[in-house]
Amino acid sequence: MQLVAIAADEAADAAKLQGKLPRVRLLNDRTGRVITGWGRREGDHPKPATFVIDATGVVRFAHVAGEDEAEWPTVDAVRAALAALP
C-alpha cells in the first residue's frame, strides 16, 4: 500500500508538509491540473478531498469536504476504508 497526497502549495510549503508526513508520498500540483481534473477546484481555490483507490484503480472511498476541518473525514473512517481494501 502506498499513501499519496496531492497539494497545490508553493514549493517551500510543500517541503514543510512533506517533513510532517515522512511516510506519505507528496505530489505537488502547483498548476492545478490534477485538482481541476478531479473537479476539486472552486474558482482559484482547491477544495479538500480524500480518496482511497485500490490497486486496480477503483475508488473505494471518497470524501469531499469544504475548507472547515470539521468536515474532513475522520482518521477512523480512512483506516476502515484502507482495512476493507481487497
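Let's begin at phenylalanine 51, which sits in strand E5. Its surroundings make a good way into this predicted model, because phenylalanine 51 is partly exposed, with a relative accessible area of 30%. From there we can visit the surface patches, a salt bridge, and some pairs of residues that are separated along the chain.

**How confident the prediction is**

- The average pLDDT of the protein is 84, and 100% of the residues reach a score of at least 70.
- Helix H3 has the highest mean pLDDT among the elements, at 90, while strand E3, made of residues 41-42, has the lowest, at 76.
- As a general reading tip, predicted coordinates should not be read in detail where pLDDT is low.

**The nonpolar patch**

- Phe51 belongs to a nonpolar patch on the surface, together with Val4, Ile6, Leu27, Val34, Trp38, Ile53, Val59 and Val64.
- Together these residues have about 730 Å² of accessible area.
- Three strands each supply at least two residues of this patch: E1 (4-7), E5 (49-53) and E6.

**The negative patch**

- On the surface you will also find a patch of negative charge, where Glu42, Glu67, Asp68, Glu69 and Glu71 gather.
- One of its members, glutamate 71, is in the loop that runs between strand E6 (59-64) and helix H3 (75-83).
- Glutamate 71 has a relative accessible area of 41%, so it counts as partly exposed.

**The salt bridge**

- Searching the whole structure turns up one salt bridge.
- Its partners are arginine 60 and aspartate 54, whose side chains meet at 2.7 Å, N to O.
- The two partners differ in how they are covered: arginine 60 is partly exposed, with a relative accessible area of 47%, whereas aspartate 54 is buried, at 8%.
- Aspartate 54 counts as buried because its relative accessible area of 8% is under 20%.

**Around proline 86**

- Proline 86 belongs to the segment after H3, and it is exposed, with a relative accessible area of 81%.
- Aspartate 54, the salt-bridge partner of arginine 60, is 32 residues from proline 86 in sequence, yet the two are 7.6 Å apart in space, C-alpha to C-alpha.
- Threonine 56 is another residue to look at here: its C-alpha atom is separated from that of proline 86 by 10.0 Å, with their positions 30 residues apart along the chain.
- Threonine 56 lies in the loop that links E5 and E6, and with a relative accessible area of 66% it is exposed.

**Around strand E2**

- Leucine 26 is part of strand E2, which covers residues 25-28.
- Leucine 26 is buried, with a relative accessible area of 18%.
- Between leucine 26 and alanine 15 there are 8.9 Å in space, C-alpha to C-alpha, and the two are 11 residues apart in sequence.
- Glutamate 10 has its place in the loop between E1 and helix H1 (11-20), and it is partly exposed, with a relative accessible area of 48%.
- Glutamate 10 and asparagine 28 are 18 residues apart along the chain, and 8.3 Å separates their C-alpha atoms.

Terms used
Residues numbered from 1 in each chain as written. Predicted model: local features only at pLDDT ≥ 70, side-chain atom pairs only at ≥ 80, totals over all residues. Heavy atoms only, no water. Patch = residues over 30% accessible without salt bridge, like charges linked within 9 Å, V, L, I, M, F, W, Y side chains within 5 Å. Areas by Shrake-Rupley, 256 points an atom, 1.4 Å probe, with all protein chains shown as cover. Salt bridge = Lys/Arg side-chain N within 4 Å of Asp/Glu carboxyl O. Lys, Arg positive; Asp, Glu negative; His and termini not counted. Charge placed at Lys NZ, Arg CZ, Asp CG, Glu CD. Helix = DSSP H or I, 4+ residues; strand = E, 2+ residues; numbered from the N terminus. Buried < 20%, exposed > 50% of the residue type's maximum accessible area, 1.4 Å probe, protein only. pLDDT = per-residue confidence, 0-100.
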